[in-house]
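Colleague: Could you walk me through this one slowly, with the reason behind each term?

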Number of protein chains: 2
Amino acid sequence: MVAPTISLDVDIPLATPTLVIDEKVLDANIARVAGFATGVGLALRPHVKTHKSVEIARRQLAAGAVGITVATLSEALVFAVWLDAARAALLAELLTMSTVFLGIDSAESAQQFAGSGLAGSGRLAIMVEIDSGHHRSGVLPADSGALAAVARDCGLDVAGVFTFPGHSYSPEDRQTAARDEEAALGGAVASLSEQGIVARVVSGGSTPSLEFARSGILTEVRPGVSVFGDAQQWELGTCAAHDIALTVLATVVSRSPDRIILDSGSKVLGADRAAYSTGFGRLLDHPQARIRALSEHHATVTGVDLALGSRVRVVPNHVCTAVNLADLYAVVTASHGHAVAWPVDARGANT
Amino acid sequence: MVAPTISLDVDIPLATPTLVIDEKVLDANIARVAGFATGVGLALRPHVKTHKSVEIARRQLAAGAVGITVATLSEALVFAVWLDAARAALLAELLTMSTVFLGIDSAESAQQFAGSGLAGSGRLAIMVEIDSGHHRSGVLPADSGALAAVARDCGLDVAGVFTFPGHSYSPEDRQTAARDEEAALGGAVASLSEQGIVARVVSGGSTPSLEFARSGILTEVRPGVSVFGDAQQWELGTCAAHDIALTVLATVVSRSPDRIILDSGSKVLGADRAAYSTGFGRLLDHPQARIRALSEHHATVTGVDLALGSRVRVVPNHVCTAVNLADLYAVVTASHGHAVAWPVDARGANT
C-alpha cells in the first residue's frame with residue numbers, strides 16, 4: 001500500500017457526490033504542460049472538451065497556449081461568446097486569432113463547407129484529418145494531398161494536417177503511437193507538398209503520447225486530459241496520484257464485510273472502462289482499493305474498509321466524461337483552502 | 001438480417017446527436033407494463049431514474065401506477081415540487097400518498113434518520129433493503145428482522161422490505177434472479193415477523209426480471225427501463241426493436257471501406273457496456289450493425305455502409321445513463337408526426 005500523502009486540508013461542507021478541483025494541482029498541471037511544450041519547441045493548443053470551463057481555458061492561455069481546441073460547434077459557441085468583462089482577455093485572444101480551424105476527412109465535407117458561404121470570412125481554415133493508427137476518422141497520409149487539393153480547389157484555405165493518436169491509450173503503446181503520429185503527419189506533409197500545398201500547422205498530441213512529442217514534423221500539440229489527470233492516466237503512467245487535480249467527493253453509504261458502497265455511480269463518474277483499467281475508478285487516498293462494480297448511483301469498492309458516512313475522493317477513470325455529467329465544480333482554492341463554485345460552462349454542449 | 005420495419009415517418013429538422021422519443025411506442029410501453037402488473041396482481045411503482053421526466057411520470061400514474069420510485073433526494077425534489085397547473089394531477093397524487101419510503105440497510109442509517117427529526121411527520125416510512133443476490137447494498141434476509149427492530153425501536157415506521165435483483169442483467173439469469181428475489185423477500189418477511197413487524201409493502205422488480213414477478217410474496221414492482229427499452233434489453237430479450245421508444249438521432253460524419261463514424265459518442269450515448277453486450281449500442285434500423293468503439297464524440301460502426309450525411313437512429317446500451325446526459329427530448333408525437341421538446345426535468349439530479 002502506498003501511504004496517502006495527499007490531503008485537502010479542508011472540511012468541505014458539500015453534498016456528495018460532487019466534483020472537486022484542487023486548484024494548486026490544477027495550476028501545477030497547466031504550468032507543467034506549458035513548460036514541456038515550450039521546452040520541446042511546440043505550440044500548445046489544449047483541448048477544452050476535458051474541462052469545458054472558461055476559467056480553466058483562460059488560465060491555459062495565460063500560461064502560453066496559442067489557442068484552444070474544441071470538439072463540437074456548440075462547445076466553440078460557449079467558448080466564443082465571452083462577452084462580459086471577466087472574459088475580456090480570452091475574447092481578445094480569440095479575436096486576435098486569424099483563423100478558426102475546421103477538420104475534414106472527405107471531399108464531401110470540403111465541398112459542403114465550401115458551399116456554405118462561411119469560408120469567405122477569411123478567418124476560417126481547413127485542417128485535413130489523418131488516421132495515424134487509431135482507425136477512427138481521418139484519411140491515410142498518402143491520400144491527404146489529394147483531399148487537400150480538392151479543398152483548395154473549392155476555394156478553401158488549407159492550413160495543414162492533424163491527427164489524434166488514440167491508440168496511445170495503452171500502457172505498451174504510448175511511445176509507438178507517438179512515433180506513428182510523427183510518421184503519419186510527416187507523410188501527410190509530403191503528400192500535401194506534392195500538390196503544392198504547404199502545411200503551416202501540423203498538429204498532434206494526446207495526453208498519453210505527449211511526453212514523446214518533439215518539434216520537427218509537428219508544430220503543435222492538443223492534449224486535453226493532462227489538465228486534470230484521471231485514473232486512466234494514473235494507470236497508463238502519465239501522472240502520479242499527486243498530479244490528479246479533479247476528484248469526486250463521495251460518501252460511504254453501505255458496508256459489508258467484503259465491500260463498501262459509495263454514492264458515486266456511473267451517472268457521476270461515467271462508465272468508461274478501458275481494457276487496461278483495473279476497475280471503474282480509483283480512490284485517491286487508498287491506492288490499493290478498486291471500484292469493482294458501478295451502477296447508476298452506487299460504486300462497489302473492495303480493498304479498503306471505511307466507516308459508514310466516511311468521505312473519500314474518487315478518481316474517475318476518464319475525467320472528460322465525468323465532467324460532462326456535472327453542472328458545477330467545487331474548487332478548493334490554493335489561497336483560502338475553502339471551496340468555491342466554477343461552472344462547467346459547456347456541459348452538454350455535444351452537438 | 002432483420003428487415004427494418006420501423007419508420008419515424010417524419011423528417012426531423014434537428015441537429016444531431018439528439019435524443020428522440022417515439023410517443024406511440026412510449027405510450028404502448030407504459031400501457032403494457034401497467035397491464036402486466038394488473039394482470040399478475042402487483043402494484044406498480046415505476047422508477048423515474050430512467051426518464052427523469054415529469055410528463056412521463058404523469059402518464060405512468062395515469063396508467064395506474066401507485067406512485068414513483070426515485071434514486072436520489074434531488075430527484076425526489078424535482079418530482080415533488082410540481083407547483084404549476086400542468087402538474088396538478090401529479091401533485092394531488094403525491095399529496096394523497098400517505099408515506100414517502102426511504103431505504104436503509106444499516107442500524108447507523110436508522111439511528112441517523114431517527115435523530116434527524118424528519119421521521120415525526122407521519123408521512124415518512126422506512127423500507128429495509130435486502131440483498132437478493134446482486135451483492136451491492138442491502139442486508140441478508142435473515143438479518144432484516146433485527147435491523148427492522150432497531151428502526152422500530154428508534155421510533156421509525158417500518159413499512160416493509162425491498163430489493164433490486166440486479167443480477168437479472170444477464171441473459172441466462174433473468175428467471176433465476178426473479179426466484180432469488182422472491183425467496184429473499186420471503187425470508188425477510190419471515191424475519192420481520194419474528195420481531196412482530198408486519199411487512200405491508202414487499203417491493204421487487206427490475207426490467208429483466210419483471211416478466212417472472214408474481215403476487216404472493218411481492219406486493220409491488222419498480223421497473224425503470226421498460227418505459228423506453230434499450231440495447232441491453234434488446235439483447236437480454238426483454239423487448240423487441242419495435243418496443244424501443246428512445247433513440248439517439250445521429251449523422252454519418254466519416255466513412256471508410258470497413259466502417260462508418262457517427263457523431264454520437266460516449267458523451268451522448270453513455271459508455272456502459274455489459275459483459276453480454278455485443279457492442280457499445282445498436283442501430284434501430286440496421287440490426288446487423290454494431291458499434292465497435294466509442295469515443296467522446298464518435299461512434300465507430302461496422303456491419304453497415306451508409307452515405308456521408310445519412311441520419312440513423314442509435315439505440316444506447318443503457319438508456320438511463322444516456323438520458324442523464326441530455327437536457328431535452330425531441331418527442332415525435334403520435335398525433336402530429338412532428339417533434340416537440342420535453343425537458344429532462346431531473347437531469348443531473350444525482351446528489
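Modeller: Gladly; we will take the symmetry, the sheet and the core in turn, keeping in mind that this is a predicted model.

Colleague: What makes the relation between chain A and chain B that of a two-fold axis?

Modeller: Chain A can be laid on chain B by a turn of 180° with a shift of 0.0 Å along the axis, and the RMSD is then 0.0 Å. That is the relation of a two-fold axis. In chain A, the C-alpha nearest this axis belongs to A271(A), 2.6 Å away from it.

Colleague: How do you know that the copies meet through the same surface?

Modeller: Of the interface residues of chain A, 100% are interface residues in chain B too, so the copies meet through the same surface.

Colleague: Now the sheet: why are β5 and β6 of chain B said to pair?

Modeller: Two strands pair if there are at least two bridges between them. Strand β5 (residues 158–163) and strand β6 (residues 201–204) of chain B have 3 bridges, in the parallel sense, so by that cut-off they pair. As an example, F162(B) has S203(B) in β6(B) as its bridge partner.

Colleague: What makes β2 and β3 of chain B edge strands?

Modeller: Each of them pairs on one side only. The open sheet has 6 strands in the order β2-β7-β6-β5-β4-β3 in chain B, with parallel pairing.

Colleague: And the largest nonpolar core: which residues touch the most other members?

Modeller: Among its 37 residues, they are I21(A), L26(A), I56(A), F228(A), L262(A), V314(A) and Y329(A). Strand β8 (residues 246–256) of chain A gives this core its largest share, 4 residues.

Conventions
Residues numbered from 1 in each chain as written. Chains lettered and ligands numbered in written order. Predicted model: local features only at pLDDT ≥ 70, side-chain atom pairs only at ≥ 80, totals over all residues. Heavy atoms only, no water. Core = buried A, V, L, I, M, F, W, Y, C linked by side-chain atoms within 4.5 Å. Buried < 20%, exposed > 50% of the residue type's maximum accessible area, 1.4 Å probe, protein only. Helix = DSSP H or I, 4+ residues; strand = E, 2+ residues; numbered from the N terminus. Least-squares fit on C-alpha atoms with pLDDT ≥ 70 in both. Contact = heavy atoms within 4.5 Å.
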